[in-house]
Structures are given as structure tokens and as C-alpha cells.
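Welcome, and please open your viewer. We will go from stop to stop, and at each one you will hear what to select and what is there.

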Amino acid sequence: MQTINIKQVDEIKISKYILKYTFEDWNNIIDSDVVIVGAGPSGMTAAYFLAKEGLKTVVFERRLSFGGGIGGGAMNFHKIVIESPADEVLKELNIKLQKAEEGIYIVDSAEFMAKLGASAIDAGAKIIHGINVDDVIFREDPLRVAGVAVEWTSTQMSGLHVDPLFISAKAVVDATGHDAEILSVASRKIPELGISIPGEKSAYSEIAEELVVNNAGKVAPGLYTTGMAVCEIKALPRMGPIFGAMVLSGKKVAEDIINDLHNS
Ligand code: 48F
């Protein structure tokens with residue numbers, strides 16, 4: 001039987017390399033162009049288009065996986081519905097589509113998650129897991145959101161009193177889904193921004209998709225939103241396991257940020 005020789009490495013060297021390269025990354029992302037909160041479908045699509053444009057983009061995700069609501073599909077069934085023109089984005093990412101009828105496509109949730117995440121990373125975005133964003137940084141004159149406060153999810157879950165680290169960004173994107181966590185904290189703690197959170201409405205899929213896409217974008221200077229968080233802030237209906245608007249609102253917010261940063 002053939003013996004396979006494996007390079008030997010001790011525990012201390014493993015630990016040293018992990019620390020060295022982790023801190024290299026953190027020193028780099030500490031002043032980012034764009035911070036995206038949430039690695040669901042809208043956040044990862046936004047990350048893909050922003051990184052592709054050459055912007056320093058980091059996605060903080062509180063879980064140890066990415067995909068947000070993609071993996072759960074509808075009641076855990078592994079198929080997801082995508083409608084045109086979102087299929088064009090999925091084709092660009094090499095995700096297989098089954099045509100159900102003209103303009104309506106079916107996608108496997110695992111393939112959608114994996115390829116969307118891989119595409120964002122290949123385009124240059126950093127996705128950092130296990131990080132909870134619990135606040136923003138703001139500045140006056142002019143009033144704007146200027147970054148986020150981050151903490152380990154495990155620290156947050158433990159309830160320990162630990163101060164966060166801060167990351168600066170020219171644009172912060174709330175892609176946290178139904179809870180719109182970043183918009184909520186900003187509306188509560190910086191009332192001068194004038195953000196109110198009326199909450200989403202019950203399902204009305206036919207109209208919800210287009211409304212989400214067209215309302216994604218800037219909420220206040222430096223603060224943007226995409227995906228289901230848009231429903232929270234604009235009182236729009238939910239739509240269930242159809243994901244075209246998640247993809248297209250991610251693309252829309254990326255285009256708005258690219259436009260704003262290029263014109264600033
Ligand atoms: O919920 P999620 O998938 O948001 P989305 O991109 O997509 C919504 C759809 O999945 C589905 C739907 C479509 O019709 O209704 O629900 O709008 O992904 C949000 C991600 O954000 C993470 C959360 O773990 C999830 O992966 N997240 C939420 N709050 C925080 C956070 C936070 N404070 N810090 C870091 N991550």
C-alpha cells in the first residue's frame with residue numbers, strides 16, 4: 001500500500017499562522033469602503049457587485065454559515081423560485097436554472113447559496129462569520145453613518161459585558177432580513193437621521209417583489225438597505241420563497257452605492 005507523507009506542523013505553529021493572517025485581514029477591513037451586515041441572498045449579491053467594482057467590501061454574518069434564508073427554502077424544501085430578470089444574475093454566477101414557465105425559474109437552494117457565496121468571495125469580498133453587528137458609528141457636520149460596532153456572536157449570546165470593536169465604512173448596508181436590525185438601532189439611537197420602522201405587511205407576492213427592488217437603496221447618508229429589511233422600513237408586503245427581489249435589490253443597492261461613492 002502506498003504511504004502518503006504529510007507535512008508535519010505543531011500546534012503552536014498552527015495557532016501562530018491563524019493569528020498572523022487573521023489580524024492581517026482585520027487590519028485591512030478595519031477601514032472598508034462598504035460594510036454589509038448579513039450574508040443572506042441580498043447581502044451576498046450586493047457584495048458580489050460591489051467587490052467586482054473594486055470596492056473594499058466586507059460582509060459580517062452572525063452565523064457560522066452563509067445564505068441566510070436560502071437554506072431553509074420554503075418549509076425546508078430545497079427548491080427556490082426566481083423570476084426574470086433575476087435569472088440573468090444567476091446565469092452570470094453559473095447557477096443552474098430549470099424553466100418552469102416563461103420568466104419563472106427553479107433553483108436548488110444549496111447550489112444557490114454555495115455559488116452566490118463563492119462568487120462574492122471570488123470577486124474580492126470578505127465574508128466574516130460569527131460576528132454580530134450591534135450598533136453603528138455616526139458623525140455630525142454632515143450627519144452620517146460612518147461604520148459599525150462588531151462583537152463575536154458567542155460573546156453576545158453569553159451576555160457578557162464586552163465592548164465592541166469598530167469598523168469604518170463609507171457605506172453600511174442593512175441586509176439583515178426581516179428584523180432590519182441596523183436600521184432599527186440607527187432609528188432608536190440617532191433620531192436625527194429621521195428613520196422610522198413601520199414594519200412589513202402580510203404576504204402579497206405579486207406586488208412585493210418589484211416594490212422591494214425599487215425601494216432598496218439609501219436610507220440616510222452612509223446607510224443603505226436591501227432585501228427583506230426594505231419591507232420593514234417601507235411597510236411593504238412579504239412574499240415568501242421567491243428570491244428574484246433579493247437578488248435584484250442586492251444589485252440595486254450595489255449600483256446606488258457605486259454611484260454615490262464615485263460622485264462623492
Ligand atoms: O434573512 P436573510 O436571508 O435576508 P435577505 O437577504 O433575504 C430574505 C430571504 O432569505 C427570505 C425571504 C425572501 O422572500 O423572505 O427570508 O433579506 O439573511 C439575513 C442574514 O443576516 C444575518 C442573519 O444571520 C442572516 O444570515 N444577520 C441578522 N442580523 C445580523 C446578522 C446582525 N446584527 N449581525 C450580523 N448578521
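Is alanine 180 buried or exposed? Select alanine 180 and show the surface around it. Its relative accessibility is 0%, so alanine 180 counts as buried; the cut-off for that word is under 20%. Keep in mind throughout the tour that this is a predicted model.

**Stop 1: the backbone at alanine 180**

Stay with alanine 180 and look along the chain on both sides. This residue belongs to the loop that runs between strand S9 (165–174) and helix H6 (181–189). Its phi is positive, about 40°, although alanine 180 is not a glycine.

**Stop 2: asparagine 94**

Now select asparagine 94, which also has a positive phi without being a glycine; here the value is near 65°. You will find asparagine 94 in the loop between H3 and strand S4 (98–101). Is asparagine 94 buried or exposed? Asparagine 94 counts as exposed because its relative accessibility is 57%, and exposed means over 50%.

**Stop 3: two cis peptide bonds**

Next, select serine 84 and proline 85 together. The peptide bond leading from serine 84 to proline 85 is cis, and its omega is near 5°. Proline 85 sits in the loop between S3 and helix H3 (86–92).

Then move to aspartate 141 and proline 142. The bond from aspartate 141 to proline 142 is cis as well, with omega near 0°. Proline 142 is part of the loop between S7 and strand S8 (144–152).

**Stop 4: the ligand**

Time to select the ligand. Which pocket does the ligand take up? The space it fills is the largest pocket. Helix H2 (41–52), strand S2 (57–61) and strand S7 (131–139) are the elements that each give two or more residues to the shell around the ligand. Of the elements, S7 gives the most, with 3 residues.

Show the residues around the ligand as sticks. How many residues surround the ligand? There are 27, and the closest are Ser42, Glu61, Gly69, Met228 and Gly240. Try colouring the shell by residue type: 12 of its residues are nonpolar, 11 are polar and 4 are charged.

Now zoom in on the oxygen atoms of the ligand. One ligand oxygen is 2.7 Å from an N or O atom in the side chain of serine 42. At methionine 228, look at the backbone instead: a polar backbone atom there is 2.8 Å from an oxygen atom of the ligand. Isoleucine 242 also has a polar backbone atom facing your distance tool, with 3.4 Å between that atom and a ligand oxygen. On its own, the ligand has 730 Å² of accessible area, and the protein covers 92% of it.

**Stop 5: alanine 110 and lysine 79**

Select alanine 110 in helix H4 (residues 109–123). Alanine 110 is exposed because its relative accessible area is 54%, over the 50% cut-off. Add glycine 67 to the selection: the two residues are 43 residues apart along the chain, and 8.9 Å separates their C-alpha atoms.

To finish, select lysine 79, which lies in strand S3 (residues 79–83). With a relative accessibility of 36%, lysine 79 counts as partly exposed. How far is lysine 79 from leucine 223 in space? Draw a line from C-alpha to C-alpha and you get 33 Å, for a pair that is 144 residues apart in sequence.

Terms used: Residues numbered from 1 in each chain as written. Predicted model: local features only at pLDDT ≥ 70, side-chain atom pairs only at ≥ 80, totals over all residues. Heavy atoms only, no water. Near = heavy atom within 4 Å. Polar contact = N/O pair within 3.5 Å; in protein donor to acceptor, adjacent residues only side chain to side chain. Areas by Shrake-Rupley, 256 points an atom, 1.4 Å probe, with all protein chains shown as cover. 1 Å grid on protein atoms, 1.4 Å probe; cavity = no way out; pocket = protein on both sides within 12 Å on 5 of 7 lines; lining within 4 Å. Sits in = over half its atoms within 2 Å of the grid points. Helix = DSSP H or I, 4+ residues; strand = E, 2+ residues; numbered from the N terminus. Nonpolar A, V, L, I, M, F, W, Y, C, P; charged D, E, K, R; others polar. Buried < 20%, exposed > 50% of the residue type's maximum accessible area, 1.4 Å probe, protein only.
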